[in-house]
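Here are some friendly notes to read alongside the structure. Take the points in order, with the model open beside you.

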Amino acid sequence: MRTHLNSSSTVRNLGILAHVDAGKTTVTERILYATGATHKRGEVHDGTTVTDFDSQERDRGITIFAAAVSCTWDGHRINLIDTPGHIDFSDEVERSLRVLDGAVAVFDAVAGVEPQSESVWRQADRHGVPRLVFVNKMDRVGADLDRAVASVQDRLHVVPLVVQLPIGQEDGFSGTVDLVRMRALVWHPGRDSFETGAVPDALHEEARTRRRLLEERVAELHPAALEEFCATSTLSAPTLTAALRDLTRSGEGVVVLCGSAYRNRGIEPLLDAVVAYLPSPADMPPVRGTRGAAVEERIADPAAPFAALAFKVTATATGRLTCLRVYSGTMRKGDTVLDAGTGRSERIGRILRVQADRHAEVDRAEAGDIVAVVGLKGTRAGSTLCAPDAPLVLEPPRAAAPVVSVAVEARNSTEAGRLSSALARLVEEDPSLVVRTDPETGQTVLSGMGELHLEVAVEKIRRSHGLHVGVGRPRVAYRETVVKGVSGLVYRHVKQDGGAGQFAHVVLDVEPLDGDTGDGGAFAFRSTVVGGRVPQEYVRAVESGCRDALVEGPLGGHPVTGLRVTLTDGATHPKDSSEMAFRAAGRFALREALRAATTELLEPVVEVVVSVPDEAVGGVLGDLAARRGRVSGSVARTGTTAVTATVPLAELFGYASRLRSRTQGRGTFTTRPAGYAPVPMAAYDRAMAG
């Protein structure tokens, strides 16, 4: 049995993705309960969940840190990662998606696709992760499966393949009709198991109609299904299941299920769908990595050379815990492996099967496994561990650029050293946090993905290290960009101070780069020099110098983005020209060009969705306008209105408490990044003065 569970074909590595409060953690808890991994149902509101084990998660009632758990279902091992739903912790989602083979996207049956749901869906798109959809909270007032499915189709631009029909509505929701096998699954109050029976007479005709629609939609997308459909005018359950599996794994369709995780209804069919439709590591394409200049592939085979990616590092009371996804080969306790990025050897101390904050020790991990390792000294998130005789570097998870910063300081000089150590450990655990020293003030500056992200990080220092930390006012990460460029800027770099001199002559054109929103560090460089007037190695040096100049812009010393630089001409000296000279020329030339060009400041903006009682809409709209917000739409729901607006991030500091006071605690809001936009100088001056 053990060999069967460790075979990569019987492993499912999946994540649970959702907007905050869609019921993602409750779904995870019910999966653990249904599979026998836990014997008591954990509740978010009671602070008894397995995956939200951190004290801050239980205090705040939200998922902050991605947590891995392992369970078994129908002879398959399921390695599951419960990911955060709040936008400030999207980097945790990014690192998790990098190592997953599939995902379950959880949507609220009342709200449908919400902003952060859409954001994490796009993240999964970038990683090519196949997904199932679970429409949760079918027992809520206003729950509507068809409306939720329509929002999936309209907002996510996918083909939903609905395989269930709900039995009962809202508080009367008691089960589902399985449209693939045409049977009813009914859960009775007070009982955890369900009964299988015939489709209720009242739903028989609707079930037949929806089964027909499912067959037609699948036949349109799947050649083998189309062949059987044309021959028999129907699809058998095995053909339909096989076609749904293929469409899910190719991304051409998304299987949709429904239920109520809180009431423990619909979890077993969801687990069956995970096993039936989502891919195993053996179904995934070979992982690609680099070995020197060559690209190499590794298949998910325990006998292949070992290769694994570290995606999470946690500092615990007993030492560093490093979470790994094993892509190929086998890792055993006591093995010596290579950190391909640093070239350092690491020894595998203990291998743990993860259960959030609890662990079970195992003697080895094979291709397809997600495990934690104790004993690694210098491995960071994004590091590749591999066999010393078969080195390979896997692509690390992409880290987003921080958008909010605060100054932090210890209460007294004796605690300054402890604060530095605590910050270093914090950054080691969370690569989306950045610590630097302000060159002008000498203050220590902590930067992250949002106000809540930084608030959680500072609180973690206080709780874990017993430090009293002073925190300054949050500031956003401004950018500078070119509005109107310059042409033919000539710069001659000449330096003679004894011995070999430096000489470089460059001519640059600088222009705006179309389509940049300021958040991607967009910069394009090209050379149109002909006749070999500037050798290729010097052209690359000029590009490096230009990149050096992008660190500080002329308006406020902020990073520069959204420009194209063209090297149009240049000249060299037979003795004094060098790569160093041309790099310096590129740096000083672009600085001079930026001072001559027309530039403007950019600030991060976010899309905000504010849900408030109908009677509070007027006050909320006025408050958004005062925060320089631009309202783009509103949707009326039963007793509430959801207002969508684009607002500068700098104007949202402290908005949560303001909204609560305006709505007597009944208003909520969510955000997602919307790029960068020009900032009025008056607003910038006010922010910098504050």
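1. Where does Thr-35 lie? Thr-35 belongs to the loop between α2 (24–34) and α3 (55–60). Please keep in mind as you look around that this is a predicted model.

2. Is Thr-35 buried or exposed? Its relative accessibility is 14%, under the 20% cut-off, so Thr-35 counts as buried. Among residues beyond four places in sequence, Thr-35 is in contact with Cys-71, Thr-72, Trp-73 and Leu-271. There is also a polar link to Ile-31: a polar atom of the Thr-35 side chain lies 2.9 Å from the backbone oxygen of Ile-31.

3. Next, have a look at strand β15 (residues 319–328). Nine of its 10 residues are buried, so the rest of the structure largely encloses this strand. β15 runs antiparallel to strand β22 (residues 370–374), and five bridges join the two. To find the pairing on screen, start from Leu-321, which stands opposite Val-374 in β22.

4. The cysteines deserve a point of their own. A disulfide is a covalent bond between the sulfur atoms of two cysteines. How many turn up in a search of the whole structure? The search finds zero disulfides. Take Cys-323 as an example: the closest cysteine sulfur, in Cys-71, is 16 Å from the sulfur of Cys-323, and a disulfide needs the two within 2.5 Å, so this pair is too far apart for a bond. Cys-323 counts as buried because its relative accessibility is 8%. Cys-546 counts as buried too, with a relative accessibility of 0%.

5. Now turn to an open sheet of four strands, which has mixed pairing and the order β31-β32-β35-β33. Which strands stand at the edges? They are β31 (486–495) and β33 (523–527); each has a single partner strand, so one side of each lacks a neighbour in the sheet. From one strand to the next, the twist averages 25°.

6. Within that sheet, β31 pairs with strand β32 (residues 502–512) in the antiparallel sense, over eight bridges. A handy place to see this is Lys-495, which stands opposite Gln-502 in β32.

7. Finally, which strands does helix α13 (residues 536–549) touch as it packs on the sheet? α13 touches β32, β33 and β35 (563–571), and its direction makes about 155° with that of β33. Helix α14 (residues 579–596) lies across β31, β32 and β35, and runs at about 40° to β32.

Methods
Residues numbered from 1 in each chain as written. Predicted model: local features only at pLDDT ≥ 70, side-chain atom pairs only at ≥ 80, totals over all residues. Heavy atoms only, no water. Buried < 20%, exposed > 50% of the residue type's maximum accessible area, 1.4 Å probe, protein only. Pairing = 2+ DSSP bridges. Polar contact = N/O pair within 3.5 Å; in protein donor to acceptor, adjacent residues only side chain to side chain. Contact = heavy atoms within 4.5 Å. Axes fitted to C-alpha atoms, helices over the stretch in contact; angles between N-to-C directions.
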